[in-house]
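Colleague: I am new to reading protein models, and I would like a close look at one part of this one. Could you pick a spot in a loop and then walk me outwards from there to some of the helices?

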Amino acid sequence: MKILVLNAGSSSQKCRLYAIDQNPSLEPLTPLWEANADWTKEKGSTEIKIKANGQTEVQKVPAGTRLEITHQMIKTLWNGKTRVISGPEEISVVGHRVVHGGPDYRESVRITPEVQATIERLIPYAPLHNPAALDGMKATEQILGQIPQVAVFDTAFHSTIPQEAAIYPGPYSWYEQGIRRYGFHGTSHLYCSQRSAHILKRDVKTLRIVNCHLGNGCSLAAIRNGQSVDTTMGFTPLEGLMMGSRSGTVDPSILIYLQREHGYSADRLDQVLNKESGVLGISGISGDMRTLEKAVDEGNERAKLALAIYIYRITYFIGAMVASLGGIDVLSFTAGVGENDRLVRSSVCERLGFLDLKIDQSLNEQSLADTDIATPDSRVRVLIVRTEEDWEIARECWQNLHS
Ligand SMILES: Nc1ncnc2c1ncn2[C@@H]1O[C@H](COP(=O)(O)OP(=O)(O)O)[C@@H](O)[C@H]1O
Ligand SMILES: CC(=O)OP(=O)(O)O
Ligand SMILES: [Mg+2]
(Lines give C-alpha, C1' and ligand atoms only; values in the text may rest on other atoms or scores of the structure.)
(Ligands and ions follow the chains in the order given, each with its own letter.)
Protein backbone atom coordinates (compact mmCIF):
# COMPACT_ATOMS: atom_id res chain seq x y z
CA MET A 1 0.00 0.00 0.00
CA LYS A 2 1.31 3.49 -0.89
CA ILE A 3 0.90 6.05 1.87
CA LEU A 4 1.52 9.75 1.19
CA VAL A 5 2.41 11.87 4.23
CA LEU A 6 2.09 15.66 4.16
CA ASN A 7 3.84 17.42 7.04
CA ALA A 8 3.08 21.12 7.08
CA GLY A 9 5.50 23.05 9.28
CA SER A 10 5.23 26.75 10.04
CA SER A 11 7.57 27.63 7.18
CA SER A 12 8.23 24.33 5.47
CA GLN A 13 6.34 21.60 3.65
CA LYS A 14 7.65 18.06 3.83
CA CYS A 15 6.08 15.24 1.80
CA ARG A 16 6.94 11.52 1.82
CA LEU A 17 5.63 8.47 -0.04
CA TYR A 18 6.01 5.12 1.71
CA ALA A 19 5.28 1.65 0.36
CA ILE A 20 4.07 -0.46 3.28
CA ASP A 21 3.05 -4.08 2.79
CA GLN A 22 2.60 -5.30 6.35
CA ASN A 23 1.78 -3.91 9.79
CA PRO A 24 4.61 -1.35 10.13
CA SER A 25 6.99 -1.68 13.07
CA LEU A 26 8.90 1.15 14.75
CA GLU A 27 11.77 0.65 12.28
CA PRO A 28 11.27 3.35 9.62
CA LEU A 29 11.27 2.29 5.98
CA THR A 30 13.08 4.54 3.52
CA PRO A 31 10.48 6.56 1.64
CA LEU A 32 10.15 5.85 -2.10
CA TRP A 33 10.06 9.58 -2.67
CA GLU A 34 10.44 12.68 -0.55
CA ALA A 35 9.97 16.35 -1.36
CA ASN A 36 10.76 19.35 0.80
CA ALA A 37 10.05 23.04 0.35
CA ASP A 38 11.37 25.73 2.65
CA TRP A 39 10.02 29.28 2.75
CA THR A 40 12.64 30.67 5.13
CA LYS A 41 15.32 31.21 2.49
CA GLU A 42 14.42 33.18 -0.64
CA LYS A 43 11.59 35.52 -1.41
CA GLY A 44 11.18 35.56 -5.22
CA SER A 45 11.20 31.80 -5.78
CA THR A 46 10.75 28.57 -3.89
CA GLU A 47 13.13 25.64 -3.95
CA ILE A 48 11.65 22.15 -4.02
CA LYS A 49 14.15 19.41 -3.19
CA ILE A 50 13.06 15.93 -4.29
CA LYS A 51 14.76 12.65 -3.47
CA ALA A 52 13.65 9.68 -5.54
CA ASN A 53 15.18 6.82 -7.50
CA GLY A 54 18.51 7.28 -5.75
CA GLN A 55 18.88 10.88 -6.94
CA THR A 56 18.23 14.33 -5.56
CA GLU A 57 16.64 16.90 -7.84
CA VAL A 58 16.27 20.56 -7.01
CA GLN A 59 13.52 22.46 -8.79
CA LYS A 60 13.30 26.22 -8.51
CA VAL A 61 9.72 27.33 -9.03
CA PRO A 62 8.21 30.82 -8.95
CA ALA A 63 7.14 31.79 -5.43
CA GLY A 64 3.60 30.66 -4.86
CA THR A 65 1.10 29.88 -2.14
CA ARG A 66 1.54 26.70 -0.11
CA LEU A 67 -1.39 25.20 -2.03
CA GLU A 68 0.30 25.84 -5.40
CA ILE A 69 3.68 24.56 -4.24
CA THR A 70 2.14 21.43 -2.70
CA HIS A 71 0.39 20.75 -6.02
CA GLN A 72 3.73 20.94 -7.82
CA MET A 73 5.41 18.70 -5.26
CA ILE A 74 2.75 15.97 -5.46
CA LYS A 75 2.78 15.93 -9.27
CA THR A 76 6.49 15.02 -9.32
CA LEU A 77 5.40 11.61 -7.98
CA TRP A 78 4.37 10.52 -11.48
CA ASN A 79 6.28 12.95 -13.72
CA GLY A 80 9.85 13.32 -14.93
CA LYS A 81 12.97 11.87 -13.35
CA THR A 82 11.39 11.75 -9.90
CA ARG A 83 8.52 9.52 -11.07
CA VAL A 84 7.98 6.59 -8.68
CA ILE A 85 4.35 5.67 -9.41
CA SER A 86 2.33 5.53 -12.61
CA GLY A 87 -0.40 7.86 -11.40
CA PRO A 88 -2.42 9.21 -8.47
CA GLU A 89 -4.63 6.08 -8.35
CA GLU A 90 -1.71 4.11 -6.86
CA ILE A 91 -1.92 6.06 -3.59
CA SER A 92 -4.21 4.46 -0.98
CA VAL A 93 -4.28 7.05 1.79
CA VAL A 94 -2.89 10.46 2.71
CA GLY A 95 -1.81 11.29 6.26
CA HIS A 96 -1.59 14.89 7.42
CA ARG A 97 0.27 16.38 10.35
CA VAL A 98 -2.23 18.65 12.07
CA VAL A 99 -0.69 20.71 14.84
CA HIS A 100 -3.77 21.66 16.86
CA GLY A 101 -6.56 19.18 17.57
CA GLY A 102 -8.07 21.22 20.44
CA PRO A 103 -10.05 19.44 23.14
CA ASP A 104 -11.90 17.22 20.63
CA TYR A 105 -9.21 14.87 19.37
CA ARG A 106 -7.33 12.43 21.57
CA GLU A 107 -6.17 10.29 18.63
CA SER A 108 -5.84 10.30 14.84
CA VAL A 109 -9.08 10.47 12.85
CA ARG A 110 -10.30 9.88 9.31
CA ILE A 111 -10.85 13.29 7.70
CA THR A 112 -14.47 14.24 6.97
CA PRO A 113 -15.99 17.66 6.22
CA GLU A 114 -16.80 17.93 9.98
CA VAL A 115 -13.19 17.19 10.95
CA GLN A 116 -11.99 19.82 8.48
CA ALA A 117 -14.47 22.32 9.91
CA THR A 118 -13.12 21.66 13.42
CA ILE A 119 -9.50 22.12 12.27
CA GLU A 120 -10.59 25.37 10.64
CA ARG A 121 -12.35 26.50 13.82
CA LEU A 122 -9.07 25.88 15.69
CA ILE A 123 -7.06 28.23 13.41
CA PRO A 124 -6.98 30.98 16.08
CA TYR A 125 -5.23 28.43 18.39
CA ALA A 126 -2.48 27.67 15.82
CA PRO A 127 -2.52 30.39 13.16
CA LEU A 128 0.84 29.40 11.66
CA HIS A 129 0.15 25.69 11.41
CA ASN A 130 -3.53 24.69 11.03
CA PRO A 131 -4.15 26.66 7.78
CA ALA A 132 -1.12 24.89 6.30
CA ALA A 133 -2.60 21.46 7.08
CA LEU A 134 -5.93 22.51 5.54
CA ASP A 135 -4.08 23.53 2.36
CA GLY A 136 -2.59 20.03 2.23
CA MET A 137 -6.10 18.52 2.46
CA LYS A 138 -7.33 20.84 -0.30
CA ALA A 139 -4.39 19.94 -2.55
CA THR A 140 -5.12 16.24 -1.91
CA GLU A 141 -8.79 16.60 -2.86
CA GLN A 142 -7.94 18.59 -5.99
CA ILE A 143 -5.32 16.15 -7.25
CA LEU A 144 -6.24 12.79 -5.76
CA GLY A 145 -10.03 13.15 -5.43
CA GLN A 146 -12.01 11.23 -2.82
CA ILE A 147 -9.14 9.27 -1.29
CA PRO A 148 -9.08 8.36 2.44
CA GLN A 149 -7.25 11.02 4.45
CA VAL A 150 -6.15 10.80 8.09
CA ALA A 151 -5.37 13.69 10.46
CA VAL A 152 -2.59 13.00 12.97
CA PHE A 153 -2.56 15.62 15.72
CA ASP A 154 0.49 17.04 17.52
CA THR A 155 -1.74 17.48 20.55
CA ALA A 156 -3.06 13.89 20.73
CA PHE A 157 -0.16 12.29 22.62
CA HIS A 158 -0.49 14.91 25.36
CA SER A 159 -4.16 14.18 26.06
CA THR A 160 -3.00 12.08 29.05
CA ILE A 161 -1.53 15.10 30.89
CA PRO A 162 -3.29 15.33 34.26
CA GLN A 163 -5.54 18.28 35.03
CA GLU A 164 -3.19 19.89 37.52
CA ALA A 165 -0.58 20.23 34.78
CA ALA A 166 -3.05 21.08 32.02
CA ILE A 167 -5.19 23.78 33.62
CA TYR A 168 -3.94 27.38 33.85
CA PRO A 169 -4.61 28.99 37.21
CA GLY A 170 -6.76 31.76 35.67
CA PRO A 171 -10.55 31.75 36.10
CA TYR A 172 -12.06 28.28 35.73
CA SER A 173 -14.17 29.59 32.83
CA TRP A 174 -10.97 29.66 30.73
CA TYR A 175 -10.78 25.89 30.99
CA GLU A 176 -14.48 25.59 30.14
CA GLN A 177 -13.82 27.63 26.97
CA GLY A 178 -10.92 25.41 25.91
CA ILE A 179 -8.16 27.70 27.19
CA ARG A 180 -5.84 25.07 28.69
CA ARG A 181 -2.46 23.53 28.05
CA TYR A 182 -2.47 21.11 25.08
CA GLY A 183 1.19 20.54 24.20
CA PHE A 184 2.65 19.91 20.73
CA HIS A 185 5.22 17.83 18.81
CA GLY A 186 3.29 14.86 20.22
CA THR A 187 3.94 12.63 17.21
CA SER A 188 7.68 13.18 17.67
CA HIS A 189 7.56 12.72 21.46
CA LEU A 190 5.58 9.47 21.06
CA TYR A 191 7.91 8.06 18.42
CA CYS A 192 11.09 9.08 20.31
CA SER A 193 9.93 7.60 23.62
CA GLN A 194 9.22 4.27 21.94
CA ARG A 195 12.48 4.44 20.05
CA SER A 196 14.41 5.22 23.25
CA ALA A 197 12.98 2.14 24.93
CA HIS A 198 13.88 0.10 21.85
CA ILE A 199 17.50 1.39 21.84
CA LEU A 200 17.84 0.54 25.54
CA LYS A 201 16.06 -2.82 25.10
CA ARG A 202 13.60 -1.84 27.80
CA ASP A 203 9.82 -1.70 28.03
CA VAL A 204 8.77 1.95 27.63
CA LYS A 205 6.37 1.41 30.55
CA THR A 206 9.31 1.03 32.94
CA LEU A 207 11.03 4.31 32.01
CA ARG A 208 10.79 7.94 33.09
CA ILE A 209 11.83 9.86 29.96
CA VAL A 210 12.43 13.54 29.29
CA ASN A 211 12.45 13.98 25.51
CA CYS A 212 13.95 17.24 24.21
CA HIS A 213 12.53 18.11 20.76
CA LEU A 214 14.80 20.97 19.70
CA GLY A 215 14.07 22.14 16.14
CA ASN A 216 12.79 25.52 15.00
CA GLY A 217 10.02 24.97 17.50
CA CYS A 218 11.27 23.45 20.77
CA SER A 219 9.47 21.51 23.48
CA LEU A 220 10.19 18.99 26.21
CA ALA A 221 7.90 16.13 27.19
CA ALA A 222 7.84 14.20 30.46
CA ILE A 223 6.88 10.61 29.63
CA ARG A 224 6.07 7.96 32.23
CA ASN A 225 4.58 4.55 31.61
CA GLY A 226 4.67 5.40 27.88
CA GLN A 227 2.34 8.37 28.41
CA SER A 228 2.88 12.12 28.38
CA VAL A 229 2.43 13.55 31.89
CA ASP A 230 3.72 17.06 31.18
CA THR A 231 5.22 19.18 28.42
CA THR A 232 6.54 22.70 28.05
CA MET A 233 4.31 24.01 25.24
CA GLY A 234 0.80 24.97 26.28
CA PHE A 235 -2.31 26.52 24.77
CA THR A 236 -0.24 27.28 21.67
CA PRO A 237 3.27 26.33 20.48
CA LEU A 238 4.59 29.56 22.02
CA GLU A 239 4.89 28.55 25.68
CA GLY A 240 7.96 27.06 27.32
CA LEU A 241 11.48 26.97 25.89
CA MET A 242 13.28 29.71 24.01
CA MET A 243 13.07 28.81 20.28
CA GLY A 244 14.56 29.90 16.94
CA SER A 245 12.35 32.96 16.66
CA ARG A 246 9.73 32.37 19.40
CA SER A 247 10.17 33.75 22.90
CA GLY A 248 8.77 30.84 24.88
CA THR A 249 7.48 31.71 28.34
CA VAL A 250 7.59 35.40 29.33
CA ASP A 251 5.71 37.34 32.00
CA PRO A 252 2.27 38.09 30.44
CA SER A 253 2.40 41.57 32.00
CA ILE A 254 5.02 42.50 29.42
CA LEU A 255 2.28 42.21 26.78
CA ILE A 256 -0.13 44.36 28.79
CA TYR A 257 2.64 46.91 29.27
CA LEU A 258 3.46 47.00 25.54
CA GLN A 259 -0.23 47.42 24.68
CA ARG A 260 -0.86 50.17 27.22
CA GLU A 261 2.36 52.13 27.03
CA HIS A 262 3.53 51.51 23.46
CA GLY A 263 0.24 50.98 21.60
CA TYR A 264 1.03 47.45 20.39
CA SER A 265 -1.82 45.72 18.54
CA ALA A 266 -2.55 42.00 18.87
CA ASP A 267 -1.01 41.40 15.43
CA ARG A 268 2.18 43.25 16.34
CA LEU A 269 2.52 41.27 19.58
CA ASP A 270 1.97 38.04 17.64
CA GLN A 271 4.69 39.01 15.17
CA VAL A 272 7.17 39.98 17.93
CA LEU A 273 6.62 36.88 20.07
CA ASN A 274 6.55 34.34 17.23
CA LYS A 275 8.91 35.79 14.62
CA GLU A 276 11.22 38.37 16.21
CA SER A 277 12.12 36.77 19.54
CA GLY A 278 14.04 33.74 20.78
CA VAL A 279 17.54 33.06 19.44
CA LEU A 280 16.98 35.50 16.55
CA GLY A 281 15.57 38.21 18.81
CA ILE A 282 18.40 38.13 21.35
CA SER A 283 21.29 37.63 18.91
CA GLY A 284 19.96 39.91 16.17
CA ILE A 285 21.72 37.50 13.80
CA SER A 286 19.73 34.35 13.10
CA GLY A 287 17.38 31.79 14.60
CA ASP A 288 19.44 29.00 13.06
CA MET A 289 21.82 27.41 15.57
CA ARG A 290 24.48 26.81 12.93
CA THR A 291 24.72 30.50 12.09
CA LEU A 292 24.49 31.45 15.75
CA GLU A 293 27.37 29.20 16.78
CA LYS A 294 29.56 30.54 13.98
CA ALA A 295 29.00 34.01 15.43
CA VAL A 296 29.78 32.68 18.93
CA ASP A 297 33.09 31.32 17.60
CA GLU A 298 33.85 34.74 16.14
CA GLY A 299 33.37 36.27 19.60
CA ASN A 300 29.99 37.95 19.05
CA GLU A 301 28.68 38.86 22.54
CA ARG A 302 24.96 38.91 21.70
CA ALA A 303 25.27 35.48 20.05
CA LYS A 304 26.96 34.18 23.22
CA LEU A 305 24.14 35.63 25.32
CA ALA A 306 21.47 34.03 23.10
CA LEU A 307 23.16 30.64 23.40
CA ALA A 308 23.51 31.02 27.18
CA ILE A 309 19.79 31.81 27.61
CA TYR A 310 18.84 28.95 25.27
CA ILE A 311 20.88 26.45 27.32
CA TYR A 312 19.72 27.91 30.64
CA ARG A 313 16.05 27.60 29.73
CA ILE A 314 16.39 24.01 28.47
CA THR A 315 18.09 23.02 31.72
CA TYR A 316 15.56 24.92 33.82
CA PHE A 317 12.60 23.23 32.16
CA ILE A 318 14.24 19.79 32.29
CA GLY A 319 14.25 20.36 36.06
CA ALA A 320 10.50 20.96 35.93
CA MET A 321 9.91 17.83 33.83
CA VAL A 322 12.01 15.71 36.21
CA ALA A 323 9.88 16.99 39.11
CA SER A 324 6.69 16.12 37.18
CA LEU A 325 8.04 12.59 36.63
CA GLY A 326 9.39 12.14 40.16
CA GLY A 327 12.83 11.27 38.74
CA ILE A 328 14.48 10.49 35.43
CA ASP A 329 15.90 7.41 33.73
CA VAL A 330 16.40 8.72 30.18
CA LEU A 331 17.17 12.12 28.68
CA SER A 332 16.76 12.08 24.89
CA PHE A 333 17.67 14.73 22.33
CA THR A 334 15.92 14.97 18.98
CA ALA A 335 15.06 17.24 15.96
CA GLY A 336 17.45 19.52 14.05
CA VAL A 337 19.32 20.93 17.05
CA GLY A 338 18.93 17.94 19.37
CA GLU A 339 20.24 15.48 16.78
CA ASN A 340 23.12 17.57 15.48
CA ASP A 341 24.28 20.19 17.95
CA ARG A 342 27.08 18.77 20.09
CA LEU A 343 27.60 22.00 21.98
CA VAL A 344 23.95 22.28 23.07
CA ARG A 345 23.87 18.67 24.25
CA SER A 346 27.15 18.86 26.16
CA SER A 347 26.31 22.23 27.76
CA VAL A 348 22.89 21.01 28.93
CA CYS A 349 24.30 17.75 30.27
CA GLU A 350 27.12 19.52 32.08
CA ARG A 351 24.61 21.60 34.01
CA LEU A 352 22.64 18.44 34.88
CA GLY A 353 25.58 16.63 36.50
CA PHE A 354 23.76 16.86 39.84
CA LEU A 355 21.29 14.26 38.53
CA ASP A 356 24.16 11.76 38.33
CA LEU A 357 24.13 12.13 34.56
CA LYS A 358 27.31 12.10 32.51
CA ILE A 359 28.02 11.88 28.79
CA ASP A 360 30.97 10.42 26.93
CA GLN A 361 32.37 13.43 25.06
CA SER A 362 33.71 11.42 22.13
CA LEU A 363 30.34 9.70 21.59
CA ASN A 364 28.69 13.11 21.81
CA GLU A 365 31.10 14.46 19.19
CA GLN A 366 30.29 11.59 16.81
CA SER A 367 26.65 12.65 16.93
CA LEU A 368 25.28 9.34 15.66
CA ALA A 369 21.53 8.87 15.48
CA ASP A 370 19.88 6.39 17.84
CA THR A 371 22.80 6.00 20.22
CA ASP A 372 23.32 6.10 23.97
CA ILE A 373 26.00 8.73 24.67
CA ALA A 374 26.01 8.39 28.48
CA THR A 375 29.11 6.99 30.20
CA PRO A 376 28.72 3.43 31.54
CA ASP A 377 28.58 4.75 35.13
CA SER A 378 25.99 7.47 34.41
CA ARG A 379 22.76 6.71 36.30
CA VAL A 380 20.68 8.47 33.64
CA ARG A 381 20.95 7.23 30.04
CA VAL A 382 21.37 10.05 27.49
CA LEU A 383 20.24 9.32 23.94
CA ILE A 384 20.38 10.95 20.53
CA VAL A 385 17.23 9.87 18.70
CA ARG A 386 16.42 10.70 15.10
CA THR A 387 12.80 11.76 15.10
CA GLU A 388 10.58 10.21 12.44
CA GLU A 389 7.33 12.14 12.59
CA ASP A 390 6.45 11.21 9.01
CA TRP A 391 6.99 7.50 9.59
CA GLU A 392 4.83 7.70 12.72
CA ILE A 393 2.11 9.43 10.67
CA ALA A 394 2.34 6.67 8.04
CA ARG A 395 1.97 4.07 10.83
CA GLU A 396 -1.11 5.89 12.14
CA CYS A 397 -2.59 5.82 8.62
CA TRP A 398 -2.02 2.07 8.36
CA GLN A 399 -3.65 1.51 11.78
CA ASN A 400 -6.58 3.76 10.88
CA LEU A 401 -7.25 1.85 7.66
CA HIS A 402 -6.86 -1.57 9.28
CA SER A 403 -8.82 -1.03 12.50
N1 LIG B 1 24.18 20.48 12.07
C2 LIG B 1 23.43 21.27 12.84
N3 LIG B 1 23.95 21.85 13.94
C4 LIG B 1 23.20 22.65 14.70
N5 LIG B 1 21.90 22.93 14.48
C6 LIG B 1 21.35 22.39 13.41
C7 LIG B 1 22.06 21.51 12.53
N8 LIG B 1 21.23 21.12 11.55
C9 LIG B 1 20.04 21.71 11.80
N10 LIG B 1 20.11 22.47 12.90
C11 LIG B 1 19.05 23.29 13.52
O12 LIG B 1 17.81 22.64 13.38
C13 LIG B 1 16.80 23.61 13.06
C14 LIG B 1 15.69 22.94 12.26
O15 LIG B 1 15.27 21.79 12.93
P16 LIG B 1 14.05 20.91 12.38
O17 LIG B 1 13.81 19.85 13.38
O18 LIG B 1 14.33 20.52 10.99
O19 LIG B 1 12.95 22.02 12.46
P20 LIG B 1 11.43 22.14 12.12
O21 LIG B 1 10.91 20.76 11.80
O22 LIG B 1 10.87 22.70 13.38
O23 LIG B 1 11.37 23.09 10.96
C24 LIG B 1 17.53 24.68 12.29
O25 LIG B 1 16.94 25.92 12.50
C26 LIG B 1 18.91 24.65 12.90
O27 LIG B 1 18.95 25.60 13.94
C1 LIG C 1 4.26 22.81 16.98
C2 LIG C 1 5.49 23.41 16.42
O3 LIG C 1 6.09 24.28 17.00
O4 LIG C 1 5.93 22.88 15.27
P5 LIG C 1 7.25 23.27 14.46
O6 LIG C 1 8.38 22.99 15.39
O7 LIG C 1 7.23 22.36 13.27
O8 LIG C 1 7.12 24.73 14.11
MG1 LIG D 1 9.48 19.91 13.10
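Modeller: Let's begin with Ser 367, which is partly exposed because 15 other C-beta atoms lie within 10 Å, while a residue needs 20 or more to be called buried and 12 or fewer to be called exposed. Please keep in mind that this model is predicted. Ser 367 sits in the loop between H14 and strand S13 (371–372). Its backbone is worth a look too: Ser 367 is not a glycine, yet its phi is positive, at about 55°.

Now look at the loop between helix H13 (342–351) and helix H14 (361–366), where you will find Asp 356. Asp 356 also has a positive phi, of about 65°, without being a glycine. Here the count of other C-beta atoms within 10 Å is 11, so Asp 356 is exposed.

Glycines with a positive phi turn up in this model as well. Gly 326, just after H11, has a phi of about 75°, and Gly 145, just after H3, has one of about 70°. Each of these leads us to a helix.

Take H11 to begin with. Its 25 residues reach 36 Å from the first C-alpha to the last, close to the 36 Å expected at 1.5 Å a residue. The buried residues of H11 include Tyr 310, Ile 314, Phe 317 and Ile 318. Ala 303, Ala 306 and Leu 307 are buried too, and these three also take part in a contact with H10. Helix H10 (residues 289–297) packs against helix H11 (residues 301–325) at an angle of about 125°, and their axes are 8 Å apart. That angle makes H10 oblique to H11. The crossing of H10 with H11 is left-handed. On the H10 side, the contact uses Leu 292, Ala 295 and Val 296, and on the H11 side Lys 304 joins Ala 303, Ala 306 and Leu 307. By class, the residues of this contact of H10 with H11 are six nonpolar, no polar and one charged.

A second pair of helices is handy to set beside that one. Helix H6 (residues 186–199) and helix H15 (residues 389–402) have axes 9 Å apart and pack at an angle of about 90°, which makes H6 roughly perpendicular to H15. From H6 come Thr 187, Ser 188, Leu 190 and Tyr 191, and from H15 come Glu 389, Glu 392 and Ile 393. The contact of H6 with H15 has three nonpolar, two polar and two charged residues.

Finally, back to H3, the helix just before Gly 145. Helix H3 (residues 130–144) has 15 residues and spans 21 Å from its first C-alpha to its last, close to the 21 Å expected at 1.5 Å a residue. Among its buried residues are Asn 130, Asp 135, Gly 136, Met 137 and Ala 139. The buried residues of H3 pack against several elements, including strand S1 (2–8), helix H1 (66–75) and strand S8 (149–153). Within helix H1 you can find Leu 67, which touches Asp 135, Lys 138 and Ala 139, leaving aside residues up to four places away in sequence. Leu 67 itself counts as partly exposed because it has 14 C-beta neighbours inside 10 Å. Try finding Lys 43 as well: it is 24 residues from Leu 67 along the chain, and their C-alpha atoms are separated by 17 Å.

Terms used:
Residues numbered from 1 in each chain as written. Chains lettered and ligands numbered in written order. Predicted model: local features only at pLDDT ≥ 70, side-chain atom pairs only at ≥ 80, totals over all residues. Axes fitted to C-alpha atoms, helices over the stretch in contact; angles between N-to-C directions. Helix = DSSP H or I, 4+ residues; strand = E, 2+ residues; numbered from the N terminus. Parallel < 35°, antiparallel > 145°, perpendicular 65-115°, else oblique. Left-handed = near helix turned anticlockwise from the far one by under 90°. Contact = placed C-beta atoms within 7 Å. Nonpolar A, V, L, I, M, F, W, Y, C, P; charged D, E, K, R; others polar. Expected span 1.5 Å × (residues − 1).
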